[in-house]
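Biologist: I should be grateful for a close look at one part of this model, the pairing of strands at the start of one chain. Please then set that part in the context of whatever else can be described with care.

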Amino acid sequence: MITVWRKTCVFVAAVSTNWGCFNAPSRTGEGSREQAVSAQEIRSQLSRLGGRYEWNDAVQSYVFTDKQAIAEIVGEGSIATIDQLVECLDDQTRSATVLKGKQLPTGVLCREALGQIIYYETTGPNGDIAAKWPGNIEPTATGADLQAAKRAWREVVAKKLYRRL
Amino acid sequence: MAQIPSAINGVTVEFAGTVVNDVDQAVVDALMHCVKPNVANGHTLSRIFVSSASDSHAFPSRHAQKKAVDISRVNGTKIVIGYPSNLPLKAIVDALQDTFETFANRRENFGPHLKLKLGHPHPVDGHADHIHFSVN
């Protein structure tokens, strides 16, 4: 999957360069289009990524088996990538990633990818970290959980309340 | 108020571009207590990355009170990617959290290894991706 992504990047960059050579005044606009195409491709790449979630006693949670592959896909995580991942959070299309043999929604992979770029801490009335925030979901999340996560992250991203990891 | 230094006990401290490095002295004392090259037996801590200090959080957050710090990378690797599979990183993260528990002024100690508040289990969402230390 990583190889396919790299080839895609090269192809898109090559197309953009060619357009820029023939029509220099439109380069900024074409650059934006390139960014959008790349962001769209991220969702597709994540959906096809594969791998699985396995229970880990040390962290008392499910852990994705191929985090590095996601890191290769999202890179540093541009603003466009963050936006695209947030919009993808409620995507319930079955991905190639499994938990106990069951295919997971693509939105779970988008949350995994988003969580490699940024985080958010919500605060309780006494100033300590609040126990719950709907933007944090498990890979077992329901459709309603994913929709709630999308709403929560949309607000955080719109207000730029997140921190980069 | 105090600033988190760019080196603590010989460990390089890197900062996200958005960090406002203006904290209570107790935060610096906590880091001086925990951040050491030999904090984990058999592994060397050479770099930490501070992703947040007194920035990006609204009052009454401990961050806004200048009493909290977040660490999201160890030796150049994101905790979210390396923990728990990267064993040296895991050992260092675990040791940092364990050592913070021996700091007298500790308050919140949240990360992939522990979720403790005032020394007691305190389950909170998230924090598999960074360490959050706060002080009283």
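Modeller: In this predicted model, Ala7(B) has Thr12(B), a residue of β2(B), as its bridge partner. That contact belongs to the pairing of strand β1 of chain B, residues 7-8, with strand β2 of chain B, residues 11-15, which run in the antiparallel sense and are held by 2 bridges. The two strands form a hairpin with 2 residues between them, and there Asn9(B) adopts a positive phi near 50°. Strand β2(B) also pairs with β3(B), here in the parallel sense and over 4 bridges. Within that second pairing, Val13(B) is matched with Ile48(B) of β3(B). Strand β2(B) is thus described by two pairings, one antiparallel with β1(B) and one parallel with β3(B).

As to confidence, chain B has a mean pLDDT of 96, with 100% of its residues at 70 or more. For the model as a whole, the scores are ipTM 0.94 and pTM 0.86.

Backbone geometry elsewhere in chain B also deserves attention. Lys66(B), which is not a glycine, has a positive phi of about 70°. Its place is the loop between β3 (47-52) and β4 (68-74) of chain B, and Lys66(B) is partly exposed, at 22% relative accessibility. His127(B), again not a glycine, has a positive phi of about 65°. This histidine belongs to the loop between β8 (120-121) and β9 (131-135) of chain B. Its relative accessibility is 4%, and His127(B) therefore counts as buried, the limit being under 20%. A cis peptide bond, with omega about 5°, joins Tyr83(B) to Pro84(B). Pro84(B) sits in the loop between α2 (79-82) and α3 (87-100) of chain B.

A cysteine of chain B may be noted here as well: Cys34(B) is buried, with 0% relative accessibility. The search of the whole structure finds 1 disulfide over all chains, and its partners are Cys88(A) and Cys110(A), with sulfur atoms 1.7 Å apart. The link between Cys88(A) and Cys110(A) is right-handed, with 50° about the S-S bond. Cys88(A) lies in the loop between α4 (79-87) and β3 (94-99) of chain A, whereas Cys110(A) lies in helix α5 (residues 106-114) of chain A, so the disulfide ties together parts that are 22 residues apart in sequence. Both ends are buried: Cys88(A) has a relative accessible area of 1%, and Cys110(A) has 0% relative accessibility.

The largest pocket brings both chains into view. Its space amounts to about 1,000 Å³. It is lined by 42 residues, and those nearest its centre are Ser61(A), Ile137(A), Glu138(A), Gly126(B) and Ala128(B). In chain A, β1 (52-56), β2 (61-64), α5 and α6 (143-158) each supply at least two residues of this lining. Strand β2(A) gives the most, with 4 residues. Helix α5 of chain A, one of these contributors, is also the helix in which Cys110(A) lies. Sorted by class, the lining has 23 nonpolar, 9 polar and 10 charged residues.

Terms used. Residues are numbered from 1 along each chain as its sequence is written. Chains are lettered from A and ligands numbered from 1 in the order in which they are written. This is a predicted model: local features need pLDDT of at least 70, side-chain atom pairs count only at pLDDT 80 or more; totals for chains, interfaces and linings use all residues. Side-chain values use heavy atoms; hydrogens and water are left out. A disulfide is a pair of cysteine sulfur atoms within 2.5 Å. Buried means under 20% relative accessible area, exposed over 50%, partly exposed in between (1.4 Å probe, protein chains only). pLDDT is the predictor's confidence in each residue, from 0 to 100. On a 1 Å grid over the protein atoms alone, a cavity is a set of points where a 1.4 Å probe fits but cannot get out, and a pocket is an open set with protein on both sides within 12 Å along at least five of seven lines; lining residues have an atom within 4 Å of a point. Grid points are joined across faces, edges and corners, and a volume is the space filled by probe spheres set on the points. Ala, Val, Leu, Ile, Met, Phe, Trp, Tyr, Cys and Pro count as nonpolar, Asp, Glu, Lys and Arg as charged, and the others, Gly among them, as polar. Two strands pair if DSSP finds at least two bridges between them.
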